[in-house]
Amino acid sequence: MLPRGSIGMRGVRRGSVTTVFTVDIDCESCAARIMNNVPVIGKGIKDIQVDVPSKEVTVTYDSAKTSPEELIKGFGKIRVKAEEKPVK
């Protein structure tokens, strides 16, 4: 069970996509800024995980409601530079 207020995987259905972004963050305050502004970043976000040491954010979202390009714009709204991490 997830703690109250966290974004979980409940309701993830077909059409959900997971994308990893490389972000310009270096502290827990930056991670909190991301977690506290999920609605600003994009619509249809089902889950978001921030890894400060690797400077990566993993976002699972409804591909019918948003796209990686829109999410990058959303990160920009909260002054976080983001790029889609290339798939290996």
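The fold, the nonpolar core and the salt bridges of the chain are described below.

In this predicted model, the chain comprises three helices and four strands. These elements succeed one another along the sequence in the order β-α-α-β-β-α-β. Of the 88 residues in the chain, 34% are buried. The accessible surface amounts to about 6000 Å², and carbon and sulfur atoms contribute 50% of this area. When contacts between residues at least 6 apart in sequence are considered, 65% are found to join residues at least 24 apart.

In soluble globular proteins, nonpolar side chains tend to be buried together. In the present chain, the largest nonpolar core contains 19 residues, and the members that touch the most other members are I34, I41, I45, I48, V59 and F75. Two or more residues of this core are supplied by each of the strands β1 (16-23), β2 (45-51) and β3, and by each of the helices α1 (28-35), α2 (38-41) and α3. The surroundings of I41 illustrate the arrangement. With residues up to four places away in sequence left aside, I41 touches I34, I48, E70, L71, G74, F75 and I78. Among these partners, I34, I48 and F75 are themselves listed with I41 as core members that touch the most others.

Side chains of opposite charge can pair when their charged atoms come close. The chain has two salt bridges. In one of them, K85 pairs with E56, and the closest N and O atoms lie 2.4 Å apart. This pair links distant parts of the chain, since K85 belongs to the segment after β4 (82-84) whereas E56 belongs to strand β3 (residues 56-62), the two being 29 residues apart. The partners also fall into separate exposure classes: K85 is partly exposed, at 32% relative accessibility, whereas E56 counts as buried because its relative accessibility of 19% is under the 20% limit.

The other salt bridge joins the side chains of E70 and K73, with an N to O distance of 3.5 Å. Both residues lie in helix α3 (residues 68-77), where a spacing of three residues corresponds to about one turn of the helix. E70 is partly exposed, with a relative accessible area of 40%. K73, by contrast, is exposed, because its relative accessible area of 53% is over the 50% limit. E70 thus takes part in the salt bridge with K73 and is also one of the residues touched by I41.

Methods. Residues numbered from 1 in each chain as written. Predicted model: local features only at pLDDT ≥ 70, side-chain atom pairs only at ≥ 80, totals over all residues. Heavy atoms only, no water. Buried < 20%, exposed > 50% of the residue type's maximum accessible area, 1.4 Å probe, protein only. Contact = heavy atoms within 4.5 Å. Areas by Shrake-Rupley, 256 points an atom, 1.4 Å probe, with all protein chains shown as cover. Salt bridge = Lys/Arg side-chain N within 4 Å of Asp/Glu carboxyl O. Core = buried A, V, L, I, M, F, W, Y, C linked by side-chain atoms within 4.5 Å.
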